[in-house]
There are 4 protein chains.
Amino acid sequence: MAEPYAALVPLRWSDMDAYGHVNNVQYLRLLEDARVIGLREFVPDWSAMLDEGIVVTRHAIEYHQPLTYRHAPVQVTMWVTRVHGAGFDLGYVVRDPAEVGDRVYALAETGLALYDFAAETPRRLPPDARRALAESVGDPVAFRRPAR
Amino acid sequence: MAEPYAALVPLRWSDMDAYGHVNNVQYLRLLEDARVIGLREFVPDWSAMLDEGIVVTRHAIEYHQPLTYRHAPVQVTMWVTRVHGAGFDLGYVVRDPAEVGDRVYALAETGLALYDFAAETPRRLPPDARRALAESVGDPVAFRRPAR
Amino acid sequence: MAEPYAALVPLRWSDMDAYGHVNNVQYLRLLEDARVIGLREFVPDWSAMLDEGIVVTRHAIEYHQPLTYRHAPVQVTMWVTRVHGAGFDLGYVVRDPAEVGDRVYALAETGLALYDFAAETPRRLPPDARRALAESVGDPVAFRRPAR
Amino acid sequence: MAEPYAALVPLRWSDMDAYGHVNNVQYLRLLEDARVIGLREFVPDWSAMLDEGIVVTRHAIEYHQPLTYRHAPVQVTMWVTRVHGAGFDLGYVVRDPAEVGDRVYALAETGLALYDFAAETPRRLPPDARRALAESVGDPVAFRRPAR
């Protein structure tokens with residue numbers, strides 16, 4: 001199993017909504033940024049996969065504490081939670097970086113699938129990528145509520 | 001069981017990302033708008049609940065087809081899927097309005113909890129609201145992938 | 001001179017920022033939506049121009065009153081304020097629709113230029129389009145502060 | 001005259017629109033972030049002004065070159081361009097940081113006014129703040145098109 005990858009994702013003041021907290025939808029924007037920052041280094045052959053086409057098939061996210069804008073980034077820890085023939089799942093913890101504190105703001109999971117945009121059909125993971133990803137599978141996300 | 005409520009939610013051109021499709025994160029923005037448009041009419045005592053404080057505790061969303069910006073709105077059908085002591089869950093289908101087509105773009109579910117912002121603690125659903133919501137509980141969301 | 005075109009642009013709850021008003025940046029998002037909704041009907045040959053490539057070269061916007069989210073859309077009145085060899089300017093008033101009230105929230109102007117994305121160079125307005133646009137030029141935007 | 005302040009503002013992948021460039025509206029989001037990052041250090045008494053209430057009264061922005069998402073931030077250089085009884089103007093250059101390149105993407109200016117939110121009226125700049133700001137006034141923004 002590979003180590004989780006920790007991306008530092010800066011907040012924007014505009015991530016807050018009229019309640020004065022980072023809006024629940026913007027957390028998924030932070031996850032997107034974490035993937036853009038981190039997957040290239042973290043997932044074997046990510047650049048090739050991305051160039052050939054990859055789509056988000058699902059998200060699940062659980063909010064644990066409110067987050068208010070501050071200059072310090074959040075840390076998004078990411079790891080592979082599942083691999084299947086056409087893609088894989090990523091788990092995340094959104095938390096304070098160690099030097100800021102120890103609050104956990106959210107847990108989340110994203111399903112990713114390889115996709116052929118020209119043919120508009122799913123693609124198979126090449127055997128090498130599948131094997132490499134399978135070796136890096138970590139723990140399931142520790143959601144409070146196990147079933148969806 | 002109450003009928004699902006169908007909110008018409010306009011798209012924005014900027015909902016599309018660099019791939020030319022409505023971005024996966026923006027779907028949750030559409031759900032937010034559907035709640036803002038619809039819950040006031042749909043959920044018993046919603047205005048009172050909202051004034052007293054309500055928070056999103058989780059989202060689950062599954063993407064079924066890509067959606068491209070068009071002038072016609074999407075229809076977001078919403079219904080209550082579960083009620084518990086401190087809140088309730090909403091199910092959604094994001095689809096074409098009948099006069100536009102029959103495509104289903106996404107299924108989703110949101111957990112909502114009553115919250116006392118001043119005391120920073122969860123609140124209990126008043127018995128009347130809980131009873132009214134319980135009577136309106138509909139089918140579970142027909143996610144492709146049952147377990148989170 | 002052509003009549004100004006009035007686009008009705010729906011607000012989103014998320015257009016508000018932590019101050020509880022529609023954020024100043026989001027006004028430009030509303031103008032974008034107004035152009036997407038309206039220019040196709042309003043500007044001669046807009047579809048052809050858009051297909052061939054058009055870019056925003058500048059914006060100027062003046063905020064007159066705070067706007068809070070409400071279900072009713074805002075009305076964005078648009079007209080051509082200037083035509084030149086490589087593009088044209090649009091003026092806007094962001095206001096309440098007549099049935100909602102008479103508040104003016106903002107005045108704005110956008111510079112648009114034809115652009116050849118493949119060659120990465122500006123293009124000239126075809127003489128017919130230039131003539132048609134020139135005939136529709138209306139008053140300058142009545143900014144409070146005349147000089148930039 | 002004070003030195004301009006240079007804020008490094010990270011991009012987000014989602015700043016790009018369906019044309020694959022950072023969307024023109026998002027530039028104003030980058031300016032907002034630059035103000036949030038920089039004004040506290042840059043403008044005398046900014047924290048006090050902000051706590052007492054400050055609003056954006058206008059923006060003017062000129063786009064010089066397309067910007068595509070990249071990991072490196074943009075540099076937003078900011079300085080005071082004008083001071084008056086009720087507020088002041090800020091000029092900006094959005095450019096590559098020196099270690100990335102020398103491209104200038106946009107020039108912009110924002111009008112800011114002190115505002116009493118409770119009374120819903122403008123406020124006067126305290127004489128000390130006005131004097132300090134006046135001493136820091138720099139060159140006008142070198143817009144290509146001098147008049148608005």
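Q: A strand is a DSSP run of E with at least two residues, and strands are numbered from the N terminus. With that in mind, where is D:Pro66?
A: This is a predicted model, and in it D:Pro66 lies in the loop between β2 (54-63) and β3 (74-84) of chain D. Its C-alpha atom is 9.1 Å from that of D:Asn24, although 42 residues separate the two along the chain.

Q: Why is D:Pro66 called partly exposed?
A: Let's count its neighbours: D:Pro66 has 16 other C-beta atoms within 10 Å. A buried residue would need 20 or more, and an exposed one 12 or fewer. The count of 16 lies in between, so D:Pro66 is partly exposed.

Q: What makes α1(A) mostly covered?
A: The test for a buried residue is 20 or more other C-beta atoms within 10 Å of its own. In α1(A), 15 of the 19 residues are buried.

Q: How do you know that the span of helix α1 of chain A agrees with its number of residues?
A: The expected span is 1.5 Å times one less than the number of residues. For the 19 residues of α1 (residues 24-42) of chain A that gives 27 Å, and the end C-alpha atoms are 26 Å apart, so the two agree. Even so, α1(A) has a bend of about 35 degrees at A:Val36.

Q: What makes β2 of chain A and β2(B) a pair of strands?
A: Pairing takes at least two bridges found by DSSP. Five bridges join β2 (residues 54-63) of chain A to β2(B), so the two strands pair, and they run antiparallel. Across from A:Glu62 stands B:Arg58 in β2(B).

Q: Which residues and elements make up the contact between chains A and B?
A: Chain B gives 18 residues to the contact and chain A gives 17. On the side of chain B that touches chain A, α1 (24-42) and β2 (54-63) each supply at least two residues. The largest share of that side, eight residues, is from β2(B). Sorted by class, the side of chain B has nine nonpolar, six charged and three polar residues.

Q: Why is the relation between chains C and B that of a two-fold axis?
A: Two copies of a chain are related by a rotation about an axis and a shift along it. Here, a rotation of 180 degrees with 0.0 Å of shift along its axis superposes chain C on chain B, at an RMSD of 0.0 Å. That is why the relation is the one of a two-fold axis. In chain C, the C-alpha nearest the axis belongs to C:Pro10, at 3.7 Å. Both copies use the same surface, with 100% of the contact residues of chain C recurring in chain B.

Terms used. Residues numbered from 1 in each chain as written. Chains lettered and ligands numbered in written order. Predicted model: local features only at pLDDT ≥ 70, side-chain atom pairs only at ≥ 80, totals over all residues. Contact = placed C-beta atoms within 7 Å. Helix = DSSP H or I, 4+ residues; strand = E, 2+ residues; numbered from the N terminus. Nonpolar A, V, L, I, M, F, W, Y, C, P; charged D, E, K, R; others polar. Least-squares fit on C-alpha atoms with pLDDT ≥ 70 in both. Bend = angle between axes of the 7 residues up to and from the residue.
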